[in-house]
Amino acid sequence: MSGDTVRTIRFALNGRAVAPTVSTNLVAADLLRDQESMKGLKIGCDQAVCGACTILVDGSPTAACATFSFMLDGTDVRTIEGLSDQGALHPVQQAFRNNSAFQCGYCTPGMIMLAVALLERHPNPSRAEIIEWMSANICRCTGYKMIIEAVEAAAQAVGELS
């Protein structure tokens, strides 16, 4: 941070208040991974294209690699680490596990965060909506069949919990 302008920002991270001091050129991915130990978010392309670094900022899917940390000030941020509840997997995480919707797992956290955002906005999405949403993230290993099936299963599970 030498020579850079620094400031303290305040936001909620997975339900807890944080107030890190950041340089104005620090991206959210680096802040979350390096200072807040949110290692679940992955950096793939580092250009907001692949979706591996997807987090939810005020419920909206956001590329952490292309978002300056100071932009998180006053927001509610959720990462993959914030989804489980006292060790119990979130329904989307469980559906990905049950449907083997991962191979190498690198894109999985971003895919799950994107699916969570979709289901929060559209609890009963059509297959076409799921395909459209999930196409925003790139998976180089599995293709999308199992991912789409996992999101469909998660939608059903979330509907049953409501």
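Two strands are said to pair if DSSP finds at least two bridges between them, and helices (H or I, at least four residues) and strands (E, at least two) are DSSP runs, numbered from the N terminus. The model on screen is predicted, so that local features need pLDDT of at least 70 and side-chain atom pairs count only at pLDDT 80 or more, while totals for chains, interfaces and linings use all residues. Residues are numbered from 1 along each chain as its sequence is written, and side-chain values use heavy atoms, with hydrogens and water left out.

**The whole chain**

Begin with the entire protein in a cartoon view, where the secondary structure comes to 5 helices and 7 strands, arranged from the N terminus on as β-β-β-β-α-β-β-β-α-α-α-α. The C-alpha atoms fill a box of roughly 50 × 30 × 25 Å, taken along the principal axes. The radius of gyration is 16 Å, which agrees with the value near 15 Å that a compact globule of 162 residues would have; this radius is taken over C-alpha atoms, and the globule rule is 2.2 Å times the number of residues to the power 0.38.

Switch next to a surface view, whose accessible area comes to about 8100 Å², with 49% of it belonging to carbon and sulfur atoms; such areas come from the Shrake-Rupley method with a 1.4 Å probe, and for residues only the protein chains shown count as cover. Of the 162 residues, 43% count as buried, where buried means under 20% relative accessible area, exposed over 50%, and partly exposed in between (1.4 Å probe, protein chains only). Among the contacts with a separation of 6 or more, 53% come from residues 24 or more positions apart, a contact being heavy atoms within 4.5 Å.

**The hairpin of E5 and E6**

Select residues 54-57 and 60-63, which are strands E5 and E6 and which pair in the antiparallel sense over 4 bridges. Within this pairing Thr54 stands opposite Ala63, and Ile55 stands opposite Thr62. The hairpin has 2 residues between the strands, and Asp58 there takes a positive phi near 50°.

Now show the side chains of E5, from which Thr54 and Leu56 point one way and Ile55 and Val57 the other way, all of them buried. Adding strand E7 (76-78) to the selection brings in a further partner, since E5 and E7 pair in the antiparallel sense over 2 bridges, with Leu56 opposite Arg78.

**Helix H1 and what it packs against**

Select residues 28-35, helix H1, and colour its buried residues, namely Ala28, Ala29, Leu31 and Leu32. Which strands do the buried residues of H1 pack against? They pack against strand E2 (11-13), strand E4 (21-23), E5 and E7.

Just after H1, Ser37 takes a positive phi of about 60°. Further on, in the loop between H1 and E5, select Ala48, which has a positive phi of about 65° although it is not a glycine. Ala48 is partly exposed, because its relative accessible area is 42%.

**Loops among the early strands**

Move to the loop between E2 and strand E3 (16-18), where Asn14 is found. Phi of Asn14 is near 50°, a positive value in a residue other than glycine, and at 25% relative accessibility this residue counts as partly exposed. As background for these positive values, most residues other than glycine have a negative phi.

The next loop, between E3 and E4, holds Ala19, and this residue is also partly exposed, at 44% relative accessibility. Leaving aside residues up to four places away in sequence, Ala19 touches Thr8, Ile9 and Arg10. To span the model from here, draw a distance from Ala19 to Val151, whose C-alpha atoms are separated by 34 Å and which lie 132 residues apart along the chain.

**Helix H4**

For the last stop, select residues 127-134, helix H4, and pick out Glu132 within it. Is Glu132 buried or exposed? At 59% relative accessibility, Glu132 counts as exposed. A second distance to draw runs from Glu132 to Arg33, which are 99 residues apart in sequence and 28 Å apart in space, C-alpha to C-alpha.
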